[in-house]
Amino acid sequence: MKNFTVIGGNASEELAKKIAKKIDAKYLKSDLRVFPDGEGKITIQGKPKKGKIIVVQSTYPPVDSNLIRALSLIAKAKQFSSNVIGVIPYFGYARQDREFLPGEIITMKVIAKIFKSLGLKKIIVVDIHSKIGLNFFNIPTKNVSAVPLLVKHFKKMKLKDLLVVSPDQGGVQRAKEFAKLLNTNYVALKKQRNRKTGKVQIKSSNLDEVKSKNLIIVDDMISTGGSIIKATEFLKKQKCKKIFVACTHALLREDAKKRIKKSGVSKIVSANTIPGSTAIVDISDIIAKAIV
Ligand code: R5P
């Protein structure tokens, strides 16, 4: 066994265990007790080995709670080692990387400063929404991609007449990479989001390319499902065949999964950065490789 210890936060226990196994590290569980006022109390079960400590904690909802838990775990790990790596597979707040409307706070920048102040050696994230956010950290960062593994899953499905679709222009690069690995083509829709209400609209005109094709809509994350549903409704009108969805982070808030299925999506496939029924693609291997 290497001189590594992996500490799993409450939000990423299963993934942390898998990572520990892959890098041959000691695994330490952390217990979480939430008091009636909402405060959490975390206790690490056992002592880390001397050497590198890897803290694994995604910051999906409750985002602020899981974030403070990630920071607390890192602060505790620093008491045992000067070599602490933070693995935040899903990084909440990554979409708040710029001032879209006057007066908005760039919260990602604030969070990055706090992470840096803890004295981390490195931070590893998976398909972070925007790379701009990574530059705020001012410490070594590594963004690993789940795309090749998502593609591998779809290859096994042996679907024919495939076309990859990005629901917006911001996801063009991702769709291009996905299509390249799948040996097929891609198109990107034009999505418009109302910055005040959050509502989305598809502004694309008719797309002949999607007719009679099986489509894979590729996105980095699904939250309310609004983007995927609007894209699906548009694509169905273009007389496509089946629609599948591939994403890294499936937040699927409230009844998003049900509404996405109802809109006509046959299957949603996501990575285990966020546990859940769609999280069938395991990314522990790529994280393990980024650690060692
Ligand atoms: C936006 O640019 C992102 O890539 C996702 O498309 C978006 O955050 C998904 O959110 P929702 O599911 O609420 O539309």
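Helices, taken as DSSP runs of at least four residues, are numbered here from the N terminus, and His153 lies in one of them, helix H5, which spans residues 147-156. The model described here is a predicted one.

**Helix H5 and its surroundings**

His153 touches Lys267, Val269, Ile280 and Val281, when residues up to four places away in sequence are not counted. Ala77, by contrast, is 76 residues from His153 in sequence and 35 Å from His153 in space, C-alpha to C-alpha. The buried residues of H5 are Val147, Leu150, Val151 and Phe154. Seen down the axis of H5, these buried residues fall within an arc of 100 degrees, so they line one face of the helix. An α-helix has 3.6 residues a turn, so residues three or four places apart point the same way. The cover over the buried residues of H5 includes helix H6 (172-182) together with strands E12 (214-222), E13 (243-250), E14 (265-271) and E15 (279-281). Just after H5, Lys158 takes a positive phi of about 50 degrees.

**Helix H9**

In helix H9, which runs over residues 284-291, the buried residues include Ser284, Ile287, Ala288, Ala290 and Ile291. Viewed down the axis of H9, the buried residues fall within an arc of 160 degrees, so they too line one face of their helix. Among the elements that cover the buried residues of H9 are helix H1 (13-22) and strands E4 (52-56), E5, E6 (122-126) and E7 (141-144).

**Aromatic rings**

A pair of aromatic rings is described by the distance of the centres and the angle of the planes. A search of the whole structure finds five aromatic pairs. One of them joins Phe91 and Phe115, whose rings are tilted, with 5.5 Å from centre to centre and 55 degrees between the planes. Phe91 lies in the loop between strand E5 (84-88) and helix H3 (107-117), while Phe115 lies in H3 itself, so the pair ties together parts that are 24 residues apart in sequence. Both Phe91 and Phe115 are buried, and ring pairs link Phe91, Phe115 and Phe137 into a cluster. Another ring, that of Phe100, has Arg195 lying over its face, at 3.8 Å from the ring centre.

**Asp97 in the loop between E5 and H3**

Asp97 is found in the loop between E5 and H3. With a relative accessible area of 3%, Asp97 is buried, because buried residues are those under 20%. The side chain of Asp97 makes a polar contact with the side chain of Ser130, at 2.3 Å. Leaving aside neighbours within four places in sequence, Asp97 is in contact with Ile106, Met108, Ser130, Ile132, Gly133 and Phe136.

**Backbone features that stand apart**

Most residues other than glycine have a negative phi, and most peptide bonds are trans. A cis peptide bond, with omega of about 0 degrees, joins Pro61 and Pro62, and Pro62 lies in the loop between E4 and helix H2 (63-80). Asp127, although not a glycine, has a positive phi of about 35 degrees. Asp127 is found in the loop between E6 and helix H4 (131-135), where the residue is buried, with a relative accessible area of 8%. Asn138, also a residue other than glycine, has a positive phi near 55 degrees and is placed in the loop between H4 and E7. At 62% relative accessibility, Asn138 counts as exposed, because the exposed class begins over 50%.

**Around the ligand**

Of the 14 residues around the ligand, Asp219, Asp220, Ser223, Thr224 and Ser227 come nearest. The table lists three distances from protein atoms to oxygen atoms of the ligand.

| Residue | Protein atom | Distance to an oxygen atom of the ligand |
|---|---|---|
| Asp220 | polar side-chain atom | 2.6 Å |
| Gly225 | backbone N or O atom | 2.8 Å |
| Ser227 | side-chain N or O atom | 2.6 Å |

Asp220 and Ser227 thus appear in the table through side-chain atoms, whereas Gly225 appears through a backbone atom.

Terms used. Residues are numbered from 1 along each chain as its sequence is written. This is a predicted model: local features need pLDDT of at least 70, side-chain atom pairs count only at pLDDT 80 or more; totals for chains, interfaces and linings use all residues. Side-chain values use heavy atoms; hydrogens and water are left out. Rings of Phe, Tyr and Trp (its six-membered ring) pair if their centres lie within 6.5 Å; planes under 30 degrees apart count as stacked, over 60 as edge-to-face and the rest as tilted. Helices (H or I, at least four residues) and strands (E, at least two) are DSSP runs, numbered from the N terminus. Buried means under 20% relative accessible area, exposed over 50%, partly exposed in between (1.4 Å probe, protein chains only). A charge sits over a ring if NZ of Lys or CZ of Arg is within 6 Å of the ring centre and within 35 degrees of the ring normal. The arc is that of the directions from the helix axis to the C-beta atoms. Contact means heavy atoms within 4.5 Å. A residue is near a molecule or strand if one of its heavy atoms lies within 4 Å of it. A polar contact is a pair of N or O atoms within 3.5 Å; within protein, one must be able to donate a hydrogen and the other to accept it, and residues adjacent in sequence count only if both atoms are side-chain atoms.
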